Number of protein chains: 2
Amino acid sequence: MNFADRLAAAIEEKGTPSLVGIDPRYAMLPAELKSGDHPDRATAAAALEAFGIRIVDAVAPLVPAVKPNIAFFEAFGWEGYRAYGNVVARAKEKGLLVVADAKRGDIGSTAEAYAVALFDEMDVDAVTLSPYLGTDSLKPFFDRFDRGKGCFLLVKTSNPSSADLQDRELAGGTVFEAVADLTRTWGEAFIGESGMSSVGAVVGATFPEQAAELRKRMPTTPFLLPGYGAQGGKADSLRNAFGPGGSGALVNSSRGIIFAFGKEPYASEFGEDRWEEAVHAATLAMRADLAGAVPDATWAG
Amino acid sequence: MNFADRLAAAIEEKGTPSLVGIDPRYAMLPAELKSGDHPDRATAAAALEAFGIRIVDAVAPLVPAVKPNIAFFEAFGWEGYRAYGNVVARAKEKGLLVVADAKRGDIGSTAEAYAVALFDEMDVDAVTLSPYLGTDSLKPFFDRFDRGKGCFLLVKTSNPSSADLQDRELAGGTVFEAVADLTRTWGEAFIGESGMSSVGAVVGATFPEQAAELRKRMPTTPFLLPGYGAQGGKADSLRNAFGPGGSGALVNSSRGIIFAFGKEPYASEFGEDRWEEAVHAATLAMRADLAGAVPDATWAG
């Protein structure tokens, strides 16, 4: 089954395009999961794993997909890398789609090794990829799309410095628009029954005007919209990043959900001891926020 | 303590700018290190580690630095990731500079986690980084350059599809030229006594004309030149990628050295049983090839 179709079906089933990013920092974990301020790597990695698994359990009934970011696990060495795989495995057991946020991108033979690591060994459903090296750096991933896999290419990222290169003017447009055109073209071979492609795009929720323009430019490309919540992206401004009926987009929140227990109103209502309830409540609030922003969405019905 | 100065000193000490890329594929390992054709992950990772360590031991007297590529280790899961760390540790024990070929690139907070993983935990000397996300994605790495760390940014990569994006025409130049200008600018704060910066650039040895132009455009930027050997780059064509006296460049060979035992003339001369001698001979040949191509190099003296 085509990844874009699996994604569309999961969004309809769960009634939301909310994507929960799992970006754990040891210092921010709930006290019950920590072992002092300076644990050894194995202890810290075990804490990240326990946290990630409980986040998965808390949000699995509420969202179609999670996006664990491998950097925060690699920060604890191979023990962290192992923990990442275990969080991925739990998410799959719970029936969630898993987008591995890994931002990989290398020449063809190396890209093949990354595709083995993420698609063959870890068996994630999709992966974030850098487009900077062009077609042959993506082909090993595309070659696995017949197994239902997909990707999200970095087109216009959510960070302040994304303008440094991505907003540069080319003859006839910007660099990110050129990447958008490449992404749409690369995706044409992988369009599913839903009308969307398995080749998606990362488009920062922090740049809603560009997101709306890119939606017109890439009508068959699923968007992964990071930057909602903690980075300042607002649901209302994202309406035009969706396709007809609220299709074709996932909105990601990481810190705003997984560390909700540290922020109001959740800090007062639940406190650190009841952090999973805070995760649950913050996810419900995100769902409602998105449903309000895209009232004609089929998934909001 | 500046990375560019450490690199220049190591090149002079070893008498060559040869960089050995460690990109192991299980199927290509010498028979003595393999355990059948379909080992479990832990067994395969152990074979990669043994191979990587013996490559390090074989080339340590001959070259200033190695460039282990993490993708080929990640292909064997956390066991592979652990093996990577152990190969890095061995290279450091042997006094080699280690360039972690990881091509990371993410928004600031995530980049910080990657910087922890590679610079703080694994303690490599330099890392390859994607520039696509701009300044804030690089800052966590730059913030560690006062500890002697450095990086090589992807400017013009060695693969055939690098033209897809990198060769696009901007107003006043191509995308890769714009990245070159950014790289030079980013590097200005990190120029050492050698006159070179800790912010280096990856420039494909497969594109010698662009490499020569980029040398003029980035006079204080150390180049990492991949694509020599197996990808077709020739030493003679790289003369103009060096600065005065053969300064400011590392030339990488991966497959051409680590799997030399499978290629002529080494296959006939040594065979698979004496694969480390083939590695040694291929490294010596590369040293001689580069010294012949850059006869005025101070390191060739």
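This passage walks through a predicted model of two protein chains, from the overall fold down to a few single residues.

Some ground rules come first. Residues are numbered from 1 along each chain as its sequence is written, while chains are lettered from A and ligands numbered from 1 in the order in which they are written. Because the model is predicted, local features need pLDDT of at least 70 and side-chain atom pairs count only at pLDDT 80 or more, whereas totals for chains, interfaces and linings use all residues.

How confident is the predictor? For chain A the mean pLDDT (the predictor's confidence in each residue, from 0 to 100) is 92, and 100% of the residues of chain A reach 70 or more. The complex gets an ipTM of 0.86 and a pTM of 0.89 from the predictor.

Chain A holds 12 helices and 10 strands. Here helices (H or I, at least four residues) and strands (E, at least two) are DSSP runs, numbered from the N terminus. The C-alpha trace of chain A spans about 55 × 45 × 40 Å along its principal axes. Its radius of gyration is 18 Å, which agrees with the value near 19 Å for a compact globule of 301 residues; the radius is taken over C-alpha atoms, and the globule rule is 2.2 Å times the number of residues to the power 0.38. Of the 301 residues in chain A, 62% count as buried. A residue is called buried if 20 or more other C-beta atoms lie within 10 Å of its own, exposed if 12 or fewer, and partly exposed in between, with C-beta atoms placed from the backbone. Contacts (C-beta atoms, placed from the backbone, within 7 Å) often link distant parts of the sequence: among those in chain A between residues at least 6 apart, 74% join residues at least 24 apart.

Now for the pair. A turn of 180° and a shift of 0.0 Å along the axis lay chain B on chain A with an RMSD of 0.0 Å, and that is the relation of a two-fold axis. The copies are superposed by least squares on the C-alpha atoms of residues with pLDDT of at least 70 in both. In chain B, Leu170(B) has the C-alpha nearest the axis, 1.9 Å from it. Both copies use the same surface, as 100% of the contact residues of chain B recur in chain A.

What does each chain bring to the contact? Chain B gives 48 residues and chain A gives 48 residues. On the chain B side, several elements supply at least two residues each, including helix 4 (77-93), strand 3 (97-104) and helix 8 (175-187). Helix 5 of chain B gives the most, with 7 residues. Sorted by class, the chain B side has 23 nonpolar, 15 polar and 10 charged residues. In this sorting, Ala, Val, Leu, Ile, Met, Phe, Trp, Tyr, Cys and Pro count as nonpolar, Asp, Glu, Lys and Arg as charged, and the others, Gly among them, as polar.

Inside the structure, the largest nonpolar core has 222 residues, and Leu225(A) and Leu225(B) touch the most other members. Such a core is a set of buried Ala, Val, Leu, Ile, Met, Phe, Trp, Tyr and Cys residues joined through C-beta atoms within 7 Å. Leaving aside neighbours within four places in sequence, the contacts of Leu225(B) include Val203(B), Leu238(B), Leu250(B) and Asn252(B). Val279(B), in helix 12 (residues 275-293) of chain B, is buried, with 25 other C-beta atoms within 10 Å. Residues up to four places away not counted, Val279(B) touches Ile55(B), Ala58(B), Val59(B), Ile257(B), Ile258(B) and Ala260(B).

Arg82(B) sits in helix 4 of chain B and is buried, with 21 other C-beta atoms within 10 Å. Beyond residues up to four places away in sequence, Arg82(B) touches Trp78(A) and Ala45(B).

A few backbone oddities round things off. Lys103(A), found in strand 3 of chain A, has a phi near 50°, a positive value in a residue other than glycine. Lys103(A) counts as buried, with 28 C-beta neighbours inside 10 Å. In chain B, Lys103(B) has a positive phi of about 50°. A cis peptide bond joins Glu264(A) and Pro265(A), with omega about 0°, and Pro265(A) lies in the loop between helix 10 (255-258) and helix 11 (266-269) of chain A. Glu264(B) and Pro265(B) are also joined by a cis peptide bond, with omega about 5°.

Technical notes
Contact = placed C-beta atoms within 7 Å.
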